[in-house]
Amino acid sequence: MNEVHNKKIGFIGSGNMGSAMIGGIIAAGLVPADHITASAKTQTTLDKLSAQYGIRTTLDNVAVAQDSDILFLAVKPYLYETVIRDIRESITDDTIIVAIAAGQTIGRMESLFGRQVKLVRTMPNTPAMVSEAMSAITPNENMSPAETAEIVTIFESFGKAELVPESLMDTVTGVSGSSPAYVYMFIEAMADAAVKDGMPRAQAYKFAAQSVLGAAKMVLETGKHPGELKDAVCSPGGTTIEAVAKLEEGGFRSTVMAAQNACTAKSRDMSK
């Protein structure tokens, strides 16, 4: 049995990211559903979570903080100061705080708590809902190796997770935290082109999405450079190299890089 199984896990905030993580944890069977408590702004959201996952719910953030061994702060960045101010007297010295928000540095959050706390800065993404998240994890100095391992175990229950230095967290926001949106746009564009050529839309989405999924799996499982895999599909004078040439003509790679760098820069601005 894993070390996390008997821990009580709390979520303050149950929006897209929080609910995705809850769904991933439940699907993996990491902890019993009644070991998870979540809060939200509205009873409607809580009723939906309770019906879908069988977890405990409350409108009271303090109640979640008091009853959690591991407490996830899954609210928008601008709410961190208010939420931490409300709960900081309700956590124990052993409570592990897991932050999920762009631009919230460990130093800033420690100062908001106003005392020594066990704190982990993370950046997951919404594919947690289908157990395919990519998450970055940075513990503060008060976290023991065993406690950090517990957090990694939780994040690996709904995808892949890596320990990274905090200096790379803004980069993580660009490359994985926000990037599902870029990929959805790519899938939508591919499907639109197929629809233009006569394919029914539902079928076009399936072909496009499965192709992206399969290509990503090839990169992860073969260990080959993406350029090598691309070259293997591009036969001389063939259809694929014709498409690649058009992508290059439109500045595909430079546009993706510029977009991702803009995302990272925005995250850095939020950290100031």
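Modeller: Contact means heavy atoms within 4.5 Å of each other, and by that rule S19, leaving aside its neighbours within four places in sequence, is in contact with S14, L49, Y53 and M129. The model is a predicted one, in which local features need pLDDT of at least 70 and side-chain atom pairs count only at pLDDT 80 or more, whereas totals for chains, interfaces and linings use all residues. Residues are numbered from 1 along each chain as its sequence is written, and side-chain values use heavy atoms, with hydrogens and water left out.

Colleague: Why does S19 count as buried?

Modeller: Buried means under 20% relative accessible area, exposed means over 50%, and partly exposed covers what lies in between, with a 1.4 Å probe and only protein chains as cover. S19 has 13% relative accessibility and therefore counts as buried. S19 lies in helix 1, where helices are DSSP runs of H or I with at least four residues, strands are runs of E with at least two, and both are numbered from the N terminus. In the protein chain as a whole, 40% of the 272 residues count as buried, and the chain holds twelve helices and eight strands.

Colleague: What does helix 1 supply to the largest nonpolar core?

Modeller: A nonpolar core is a set of buried Ala, Val, Leu, Ile, Met, Phe, Trp, Tyr and Cys residues joined through side-chain atoms within 4.5 Å. The largest such core has 32 residues, of which I9, F11, M21, F72, I151, I154 and F155 touch the most other members. Several elements each supply at least two residues of this core, among them strand 1 (9–12), helix 1 (16–28), strand 4 (70–73) and helix 6 (145–156); the largest share, five residues, comes from helix 1. Apart from this core lies another one of 20 residues, including A65, Y80, I97 and F113.

Colleague: Which residues does F155 touch?

Modeller: Not counting residues up to four places away in sequence, F155 touches M21, F72, V98, T122, P124, S135, I137 and A161.

Colleague: How do you know where the buried residues of helix 4 lie around its axis?

Modeller: In helix 4 (residues 80–87), the residues Y80, V83, I84 and I87 are buried. Seen down the axis of the helix, these buried residues fall within an arc of 95 degrees, so they line one face of helix 4; the arc is that of the directions from the helix axis to the C-beta atoms. Their cover includes strand 1, helix 3 (61–66), strand 4, strand 5 and helix 5 (106–113). To take one residue, V83 has 7% relative accessibility and therefore counts as buried, and V83 touches I12, N61, L73 and V75, not counting residues up to four places away in sequence.

Colleague: What makes K7 and E150 a salt bridge?

Modeller: A salt bridge is a side-chain nitrogen of Lys or Arg within 4 Å of a carboxyl oxygen of Asp or Glu. For K7 and E150 the N to O distance is 2.9 Å, and the pair is a salt bridge. K7 lies in the segment before strand 1 and E150 in helix 6, so the pair ties together parts that are 143 residues apart in sequence. K7 is partly exposed, with a relative accessible area of 24%, whereas E150, at 12%, is buried. The structure holds twelve salt bridges, and K8, R56 and D67 are linked in a network of them.

Colleague: Where do E249 and K246 lie, and how are they spaced?

Modeller: Both lie in helix 11, three residues apart, about one turn of the helix, and they form a salt bridge whose closest N and O atoms are 3.7 Å apart. E249, at 61% relative accessibility, counts as exposed, and K246, at 53%, is exposed too.

Colleague: Why is L247 called partly exposed?

Modeller: L247 has 35% relative accessibility and therefore counts as partly exposed. L247 lies in helix 11 (residues 239–249) and, with F186, M190, F252 and V256, forms a nonpolar patch on the surface, with about 360 Å² of accessible area together. Patches are made of residues with over 30% relative accessible area and no salt bridge, with nonpolar side chains (Val, Leu, Ile, Met, Phe, Trp, Tyr) joined within 5 Å and like charges within 9 Å. Helix 8 (179–196) and helix 12 (252–271) each supply at least two residues of this patch.

Key. Accessible areas come from the Shrake-Rupley method with a 1.4 Å probe; for residues, only the protein chains shown count as cover.
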